[in-house]
Amino acid sequence: MTKSVEMQYYEIVENSNSIILRMDTKGDVTFFNRYAQSFFGYRQEEILGKNVIGTIVAPADSSGRDLKAMIDDMAMHPAEYVENKNENMLRSGERVWIAWTNKAVLDKDGRVKEIICIGNNITKLKQAEEEILKAKEAAESANKAKSSFLANMSHELRTPLNAIIGFSELMKDESVGAINEKQKEYLGYVWESGKHLLSLINDILDLSKVEAGKMELELSEFDLRELFKKSLMFVSDRAARKAVTLLTDINENVGLIRADERKIKQVIFNLVSNSMKFTLDGGKIGIQAEKTEENEILVCVWDTGIGIEAKDASKIFSEFEQITSDYSRQYAGTGLGLPLSKKFIELHGGRMWFESEGKDKGSRFYFTLPLNRV
Ligand SMILES: Nc1ncnc2c1ncn2[C@@H]1O[C@H](COP(=O)(O)OP(=O)(O)O)[C@@H](O)[C@H]1O
Ligand SMILES: [Mg+2]
């Protein structure tokens, strides 16, 4: 014998694993399926005709949100509650979170007569969400604390180092008396290491300052061409030793720019020294620059070096990340140069990115500096 259509619908509604209920525009329950009964803990006869407020909906949720107002509003503007997540209440008083889909049933004049609500329990999901949010907030505030600690420590870290660097230099240069060759050599190491440590500390402090939102640009007008020249001069000794050719291609339309000179210098210096570090003897390194139609300066520092494989691309601008290869392992570094450079460029309203066709195919690092923004 085939079941009546009515029977089939009845079975679907009563056997479903979702809460299915109907309420009128006042919020009085007119239907409550079997799952709703076992979930909330009310038998049908206990809930029918009762208002949802005070039974399955508390007047206000745990955060103080006025749920009575929400139910009233739902009857007026059902379209705004088609999908709605809110806190509900079991008979025991326990609070749960339900994801509802609500559908208004209209009378023949088009007025809302009833609302059909289908709900699923998302309490666990909601708790997980809240925990993630809390963990995120905790991590963010720890990170902020770290950054401001470092920003405040800058003086304490630099002062003793400046003494080490300054006095070892005076001694190794025999400004305060003659020394023997061994003493000279060792003082040279003290001086070199001190300088290395200072530049490392400076990078860390700069990065913290940017992260703490305390890094400010010191703008002035200067000639970019001069800066490129100086940056290449800085590495010309090493280039000669490695038989690396240095090439510049600066368009005539590049000249004066208003920016933070010290920071732009640091960026170019980072890029050029990376190229020098990752280019084998006999290779080429170059700087290209031009003014684009978007009224920005586009700079490219390129090399014919070891290149960057696609799988390593995401590490390039991440703090403390270095690509490990037999080649790069021979070189000291911190993995701070590029993240810091990128941040400096972004502070100027520019962008930084790179291109490489892969291992041993060389690299091209680009950045832009808008001319009208700063
Ligand atoms: N020109 C380049 N060619 C190949 N790899 C590069 C180049 N520049 C940077 N890299 C890779 O990106 C990493 C991060 O660079 P950077 O942030 O400047 O740190 P560091 O120079 O201290 O290693 C480098 O360790 C290297 O693996
Ligand atoms: Mg570097």
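What follows walks through the domains, the sheet, a helix pair and the ligand shell of this structure, which is a predicted model.

Starting with the overall layout, the protein splits into three pieces: domain 1 covers 5-121, domain 2 covers 129-211 and domain 3 covers 220-370. Between the C-alpha centres of domain 1 and domain 2 there is a gap of 63 Å.

Next comes the sheet. Strands of a sheet pair through backbone hydrogen bonds, and the pairing can be parallel or antiparallel. Here, five strands form an open sheet, and reading across it gives β2-β1-β5-β4-β3, with antiparallel pairing. The two ends of that order are β2 (29-32) and β3 (83-89), edge strands that each have a partner on one side only. Ignoring direction, neighbouring strands in this sheet are turned against each other by 30° on average. At the β2 end, β1 (residues 19-24) and β2 run antiparallel and are joined over 3 bridges. Within this part of the sheet, Arg22 sits opposite Phe31 of β2. A helix also packs here: α4 (residues 67-76) lies across β3, β4 (95-106) and β5 (112-121), and its direction makes an angle of about 130° with β5.

Now for the helix pair. Two packed helices are described by the angle and the distance between their axes. For α8 (residues 261-277) and α9 (residues 337-347), the axes come within 9 Å and the crossing angle is roughly 145°. The crossing of α8 and α9 is left-handed. On the α8 side, the contact is built from Lys263, Gln266, Val267, Asn270, Leu271 and Asn274, while α9 brings in Gly337, Leu338, Ser341, Phe344 and Ile345. Sorted by class, the α8–α9 contact is an even mix of 5 nonpolar and 5 polar residues, plus 1 charged residue.

That helix pair leads straight to the ligand. Both α8 and α9 contribute at least two residues each to the shell around ligand 1. The largest share, 3 residues, is supplied by α8. Which residues come nearest to ligand 1? Out of the 20 residues around ligand 1, these are Gln322, Ile323, Gly333, Gly337 and Leu338. Two of those names, Gly337 and Leu338, are familiar from the α9 side of the contact with α8. In terms of class, the shell around ligand 1 has 12 polar residues, 7 nonpolar ones and 1 charged one.

Terms used: Residues numbered from 1 in each chain as written. Chains lettered and ligands numbered in written order. Predicted model: local features only at pLDDT ≥ 70, side-chain atom pairs only at ≥ 80, totals over all residues. Axes fitted to C-alpha atoms, helices over the stretch in contact; angles between N-to-C directions. Helix = DSSP H or I, 4+ residues; strand = E, 2+ residues; numbered from the N terminus. Left-handed = near helix turned anticlockwise from the far one by under 90°. Contact = placed C-beta atoms within 7 Å. Nonpolar A, V, L, I, M, F, W, Y, C, P; charged D, E, K, R; others polar. Near = placed C-beta within 6 Å. Pairing = 2+ DSSP bridges. Domains from an automatic or database assignment.
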